[in-house]
Amino acid sequence: MKKCKVCNKPAVYHLTEIQSGQAQALHFCEDHFQEYISGQAPQDEWEPQDEATLIELNSQDLELDEELECPNCGITFQEFRSEGRLGCPHDYIAFREPLIQLLENIHGECVHIGKFPKRAPTSSQQQYDLIKLRRELTAAIAEENYETAASLRDQISKLEEEEQNSSESETAEE
């Protein structure tokens, strides 16, 4: 993941400026992007990366794109980037790392953390929470963090109990 040109926060805005016929990359966090766009800060603070760094970064990206290919359908990551479509379900595994970086650059995260539809049943949210907690429990056990694992186990039990009670009350209403 790219870092902000000014600070060490993850960059969420990626600009390419053409100056004197040369493309120059700028990467900003939310705060510094707003300052850059509004012109509030001195422009010398925003000096783009030097040409050697840009060439190195671009060649690394090109090598990565050219090397990645799905063993199932044969599509390359470069083809995916140009067409915007994956070739088969196995591409998610073959292109896992660059897809995660792409999602993080676009959304800031690679897991859903937003809203759920209002008309969606509460059980959908509970199922999502249970899946998330079970993953965290597995990770805590793998890290031998048993206090956290016990807390997560209790949260899972509570959610499962609530889910069971709500399904029993729905059955009784019918």
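R96 is partly exposed, with 48% relative accessible area. That value falls between the 20% limit for buried and the 50% limit for exposed, so R96 belongs to the middle class. The model behind these values is a predicted one. R96 has a charged partner: its side chain meets that of E97 in a salt bridge, at 3.4 Å from N to O. E97 is also partly exposed, at 49% relative accessibility.

How many salt bridges does a search of the whole structure find? The search finds three. One of them joins R153 and D154, where the closest N and O atoms are 3.1 Å apart. R153 has a relative accessible area of 46%, so this residue counts as partly exposed. D154 is partly exposed as well, at 43%.

Another salt bridge joins the side chains of R134 and E160, with N and O 2.5 Å apart. Why does this pair tie together separate parts of the chain? R134 lies in helix α6, residues 122-142, while E160 lies in helix α7, residues 146-173; the pair therefore links parts that are 26 residues apart in sequence. Both ends of the bridge can be placed on the accessibility scale. R134 is partly exposed, at 38% relative accessibility. E160 is partly exposed too, with a relative accessible area of 34%.

Stay with helix α7 for a moment. T148 is found in this helix. Its relative accessibility is 34%, so T148 counts as partly exposed. Now compare sequence and space. T148 and E136 are twelve residues apart along the sequence, and their C-alpha atoms are 9.0 Å apart.

A database record also covers this part of the chain. An unreviewed UniProt entry carries the annotation "domain: UVR" for residues 127-162. What is the chain made of over residues 127-162? It is 92% helix and 0% strand. The C-alpha atoms at the two ends of this stretch are 11 Å apart.

Next, turn to the strands. Strand β1 spans residues 13-19. Strand β2 spans residues 22-28. The two pair in the antiparallel sense, over seven bridges. Which residue of β2 is the bridge partner of I18? The partner is A23. Together β1 and β2 form a hairpin, with two residues between the strands. S20 sits in the turn and has a positive phi of about 55 degrees.

Is strand β2 largely enclosed or largely open? Five of its seven residues are buried, so the rest of the structure largely encloses β2. Buried here means under 20% relative accessible area.

Helix α1 covers residues 30-38. Its residues H32, F33 and Y36 are buried. These residues cover an arc of only 105 degrees around the axis, which means they lie on the same side of α1. What covers the buried residues of α1? The cover includes β1 and β2. The hairpin formed by those two strands thus has a part in covering the buried residues of the helix. After α1 comes G39, whose phi is positive, near 75 degrees.

Look back over the route. The hairpin pairs β1 with β2, and both strands are among the cover over the buried residues of α1. Further along, the R134 and E160 salt bridge ties α6 to α7. The stretch that UniProt annotates as "domain: UVR" runs over residues 127-162, where strand content is 0%.

Notes:
Residues numbered from 1 in each chain as written. Predicted model: local features only at pLDDT ≥ 70, side-chain atom pairs only at ≥ 80, totals over all residues. Heavy atoms only, no water. Buried < 20%, exposed > 50% of the residue type's maximum accessible area, 1.4 Å probe, protein only. Helix = DSSP H or I, 4+ residues; strand = E, 2+ residues; numbered from the N terminus. Pairing = 2+ DSSP bridges. Salt bridge = Lys/Arg side-chain N within 4 Å of Asp/Glu carboxyl O. Arc of directions from axis to C-beta. Contact = heavy atoms within 4.5 Å. UniProt positions renumbered as here; feature names shortened; annotations may be inferred.
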